[in-house]
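Work through the exercises below with the model open beside you. Try each task before you read its solution.

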Amino acid sequence: MNTVFLEKLKNQYGEDLAEKIMQGQTIKRKVTFRTNTIKSNNERVEKVLKENNIKFQKVNWYEDAYILEEAVESDLQELDIYKNGEIYLQSLSSMLPPLILNPETGIDILDMAAAPGSKTTQIAAITKNLSNITACEMNSIRAERLKYNIAKQGATSCFVMQKDSRKIDDFFRFDKILLDAPCSGSGTENFKEELIEKCAKIQESLLNKALKILKKNSEMVYSTCSVLEEENEKIVRKFVNSGSCEIIPIELEYEKELPLLPSKLKGTLVVAPNNFFEGFYIAKLRKIK
């Protein structure tokens, strides 16, 4: 158990919730995936699963998402629907930011930290390949993996930019931006205080760039796979207080189906880790100047 992480959780959430989060971090999560609607449909996917005796549950809040009751990833990877890119293995928490971004067709969208391509290809599917998506990744190996996944999923609306998204030219302008920022991986054994500080600086600089290149009055989503306020609420609050953006309260019909933790910033979501979800934070912002 990482004692530094546990103490931080206790200070932020109290002892009972801290223990619950720690348990959720270590529990084995169910395998989840979504249908890639660019290449396939739910009817076909369900038919293949049944033919192969793979038991599944539908996700109530996302019609294209599934939970495997007993099967593991390797069971899916043997199927043609996986090999052909008709499905995409993805955590339920990871599916939330693109849904909350709610991208439309015919607009310019930036995914600032795109590899391996889960959310990029999900946005392409949501917009039926009819939006212009720039997927940014600075690491050459991860960029190649991103290109591979985009091609496999048939996401022809995506362009990969191998670049640190903090260095994108300021003359660019996007209608919507997804910033799923790198985070500390809180709760792991190698988690250290200085890692949070390092990540927070990166997150702040990424969000600063996002708000420069987002069109005025346009919307973006900021998310991390952390439940710590130093990487989440504190970062967002700084920009809200500066007057550069405002929070668009996230109001979901299915909110009661999510294992939510209390957020210190009204209108933003903190998802608790459990056997279905990984710990996650999501804020939706509108640029106002």
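The exercises cover cores, pockets, ring pairs, one helix and two single residues.

This is a predicted model, in which local features need pLDDT of at least 70, side-chain atom pairs count only at pLDDT 80 or more, and totals for chains, interfaces and linings use all residues. Residues are numbered from 1 along each chain as its sequence is written, and side-chain values use heavy atoms, with hydrogens and water left out.

**Exercise 1. The largest nonpolar core**

Task: Find which residues touch the most other members of the largest nonpolar core, and which element gives the most to this core.

Solution:
- Step 1. Fix the terms. A nonpolar core is a set of buried Ala, Val, Leu, Ile, Met, Phe, Trp, Tyr and Cys residues joined through side-chain atoms within 4.5 Å. Buried means under 20% relative accessible area, exposed over 50%, and partly exposed in between (1.4 Å probe, protein chains only).
- Step 2. Pick out the hubs. The largest nonpolar core has 40 residues, and Leu9, Ile177, Leu207 and Met220 touch the most other members.
- Step 3. Assign elements. Two or more residues each come from α1 (3-13), α2 (15-26), β8 (174-180), α9 (193-213), β9 (214-224), α10 (233-241), β10 (245-247) and β13 (280-287). Helices (H or I, at least four residues) and strands (E, at least two) are DSSP runs, numbered from the N terminus.
- Step 4. Rank them. α9 gives the most to this core, with seven residues.
- Step 5. Look for a further core. Another one, of 34 residues, lies apart from it; Ile107, Ala124, Leu146 and Leu258 are among its members.
- Step 6. Zoom in on one hub. Leaving out residues up to four places away in sequence, Ile177 touches Leu101, Leu110, Met112, Ala210, Ile213, Leu214, Glu219, Met220 and Val221. Contact means heavy atoms within 4.5 Å.

In soluble globular proteins, nonpolar side chains tend to be buried together.

**Exercise 2. Two pockets**

Task: Describe the largest pocket and the second largest pocket by volume and lining.

Solution:
- Step 1. Define the space. On a 1 Å grid over the protein atoms alone, a pocket is an open set of points where a 1.4 Å probe fits, with protein on both sides within 12 Å along at least five of seven lines; lining residues have an atom within 4 Å of a point. Grid points are joined across faces, edges and corners, and a volume is the space filled by probe spheres set on the points.
- Step 2. Take the largest pocket. Its volume is about 570 Å³. The lining has 30 residues, and Ala113, Ala115, Arg142, Asp180 and Pro182 lie nearest the centre. α7 (118-126) and α9 are the elements that give two or more residues to this lining.
- Step 3. Sort that lining by class. It holds 15 nonpolar, six polar and nine charged residues. Ala, Val, Leu, Ile, Met, Phe, Trp, Tyr, Cys and Pro count as nonpolar, Asp, Glu, Lys and Arg as charged, and the others, Gly among them, as polar.
- Step 4. Take the second largest pocket. It holds about 400 Å³ of space. Of its 21 lining residues, Thr32, Glu73, Tyr88, Leu89 and Gln90 are closest to the centre.
- Step 5. Find its sources. α4 (73-77), β4 (87-89) and α8 (140-152) each supply at least two lining residues. The largest share, four residues, comes from α8.

**Exercise 3. Ring pairs**

Task: State how many aromatic pairs the structure holds, then examine two of them.

Solution:
- Step 1. Count. There are seven aromatic pairs. Rings of Phe, Tyr and Trp (its six-membered ring) pair if their centres lie within 6.5 Å; planes under 30 degrees apart count as stacked, over 60 as edge-to-face and the rest as tilted.
- Step 2. Check Phe33 and Tyr66. Their centres are 5.2 Å apart with 15° between the planes, a stacked pair. Phe33 is in strand β1 (residues 32-35) and Tyr66 in strand β3 (residues 65-68), 33 residues apart. Both are buried.
- Step 3. Check Trp61 and Tyr62. The centres lie 6.4 Å apart and the planes are at 20°, so this pair is stacked. Both Trp61 and Tyr62 are buried.
- Step 4. Extend. Ring pairs link Trp61, Tyr62, Tyr254 and Phe277 into a cluster.

**Exercise 4. A helix and two residues**

Task: Is Ile150 buried or exposed? Ask the same of Asn232, then inspect α7.

Solution:
- Step 1. Ile150 is in helix α8. Its relative accessible area is 7%, so Ile150 is buried.
- Step 2. Asn232 sits in the loop between β9 and α10. Its relative accessibility is 0%, so Asn232 is buried.
- Step 3. In α7, eight of nine residues are buried. Lys128 follows α7 and has a positive phi, near 55°.
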